[in-house]
Amino acid sequence: MRIVIVGGGFAGVNFAQGLAGNKNFDVTLVDKNNYNFFPPLIYQVATAFLEPSSISYPFRKLFRNAGNIRFRMGEVLSVDMAANKVLLHNGELEYDRLVFATGAETNYFGMENVRKNAIPMKTLNDAIEMRNKLLQRMERATICKNSRERRKYLNIVVAGGGPTGVEVSGMFAEMKNGILRKEYPELSTSASNIYLVDGGDALLSPMSKDSQQDTLEALTKMGVVVKLNTRVTDFTDDTVHLNTGETIQSKNLIWAAGVSAKVFEGIPTESYGPGRRLLVDEHNKILNTTNIYALGDTCLQTNDPDWPKGHPQVAQVAIQQGERLAKNFKSELKGDPLKPFKYNDKGSMAIIGKNKAVVDLPKPKMHFKGFIAWLMWLFIHLMSLIGYRNRIVTAYNWMIAYFSRDQSLRMIIRPDKRSKT
């Protein structure tokens, strides 16, 4: 069976690993990058606490011993359902089964100025770009004589109160209270603020009330200005406009406020649901298709009785859907009945700062905070990285940062824009 997987995130990789070594399947993994990366730690690359290589792993090395899995670097342009072909920007592939595992992309909710000027937090490229921009702006702030203009370089507005927004806000607060004072003496007397803006009435809305309250209190004590029931409406001329009528002078708007799935030419429009997510049945087959499937953030499944409005767009859903679909494909070849996907919620967590985190476990229902939750967060994220080298390097960097309250990765490395292939 010829299987083409589009997307090498949590869902795509776990699905491919479930079929690895099985000679009944000829698998081709397609991705626009030649590496898998770990999105939950993107913000640590963006704030120069980890190098990109610490949270990424090459696809070809990952599957080099699989035998039946090949990698193709490319981007999907369209799908020819009648001919069972997927057209890439550099060729085409024939398939018996096509699996979309493309995740989600940043959603700017139609605000063009925000799209043009804000700093997204979705890909490894975004993280590197953010690191470079923030470090350059801090350098410019050191030579800026006008205090009002200098504050624009130093003020940071984070839009979105989910795990990413909370974690990056906490990291910035710790950097402001530590690294900034030690390494930028020119800015020691400069006034600046970190703002966390969210349209809901609580941070970490999917988590428990205890986690929401603990997070709000911890961030506030760290000096983060939290604005709930507040949305960004525009970002022009170094000014962040809020729906309350308030404005914040800043050059730095970090966008972690929302995501939407991608649309693929050739897939019926009636197969898309809210957030442009592909509607799938209990076996993750896209509605109105016969041999095309979708996994993870890019799909919306409402057949799970515990999740009638669809599953949350989190890593565990993607991992479990990838594993289940691989098992179903193998069962189908054997003539065994297929099993519907049922999400096993293993809990949720978010780190706030040093020795500060929140963890919710559903079974049994438990809530952790502080140092214990922080250790749990570190262990789970460390073990989720691909490769022993990545785990060792990340653990080493975290240990150095913990004891020194510092890190030495703040280099501005810009690629030569003239170098194009």
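**Cavities and a surface patch in the predicted model**

About 30 Å³ of space lies in the second largest cavity of this predicted model. It makes a handy starting point, with two cavities of 30 Å³ or more turning up in the structure. The lining here is made up of Arg 277, Gly 296, Cys 299, Leu 300, Gln 301, His 311, Val 317 and Gln 321. Sorted by class, those residues come out as three nonpolar, four polar and one charged. Two elements, strand E22 (299–301) and helix H10 (315–334), each put in at least two of the lining residues. E22 gives the most, with three residues.

Now for the largest cavity. The space inside comes to about 260 Å³. Its lining counts 17 residues, and the ones closest to the centre are Met 138, Ile 156, Phe 172, Met 175 and Leu 180. Which elements give two or more residues to this lining? They are helix H5 (124–142), helix H6 (147–154), helix H7 (163–177) and helix H8 (179–183). Of the contributions to the wall, the largest share belongs to H5, which supplies four residues. As for chemistry, the lining of the largest cavity splits into 13 nonpolar residues, two polar and two charged.

Helix H5 also holds Lys 133. Is this lysine buried, partly exposed or exposed? Its relative accessible area is 25%, and because the partly exposed class runs between the 20% and 50% cut-offs, Lys 133 counts as partly exposed. Along the chain, Lys 133 sits 240 residues from Ala 373, and the C-alpha atoms of the two are 32 Å apart.

On the outside of the model, a nonpolar patch is formed by Phe 379, Ile 380 and Met 383. Together these three residues have about 300 Å² of accessible area. One of them, Phe 379, belongs to helix H11, which spans residues 370–384. Why does Phe 379 count as exposed? The reason is its relative accessibility of 53%, given that exposed means over 50%.

Taken together, the picture has an inside and an outside part. Inside, there is a cavity of about 260 Å³ with H5 as the leading contributor to its lining, plus a second one of about 30 Å³ where E22 gives the most. Outside, there is the nonpolar surface patch of Phe 379, Ile 380 and Met 383.

Key
Residues are numbered from 1 along each chain as its sequence is written. This is a predicted model: local features need pLDDT of at least 70, side-chain atom pairs count only at pLDDT 80 or more; totals for chains, interfaces and linings use all residues. Side-chain values use heavy atoms; hydrogens and water are left out. On a 1 Å grid over the protein atoms alone, a cavity is a set of points where a 1.4 Å probe fits but cannot get out, and a pocket is an open set with protein on both sides within 12 Å along at least five of seven lines; lining residues have an atom within 4 Å of a point. Grid points are joined across faces, edges and corners, and a volume is the space filled by probe spheres set on the points. Ala, Val, Leu, Ile, Met, Phe, Trp, Tyr, Cys and Pro count as nonpolar, Asp, Glu, Lys and Arg as charged, and the others, Gly among them, as polar. Patches are made of residues with over 30% relative accessible area and no salt bridge: like charges are joined within 9 Å, nonpolar side chains (Val, Leu, Ile, Met, Phe, Trp, Tyr) within 5 Å. Accessible areas come from the Shrake-Rupley method with a 1.4 Å probe; for residues, only the protein chains shown count as cover. A salt bridge is a side-chain nitrogen of Lys or Arg within 4 Å of a carboxyl oxygen of Asp or Glu. Buried means under 20% relative accessible area, exposed over 50%, partly exposed in between (1.4 Å probe, protein chains only).
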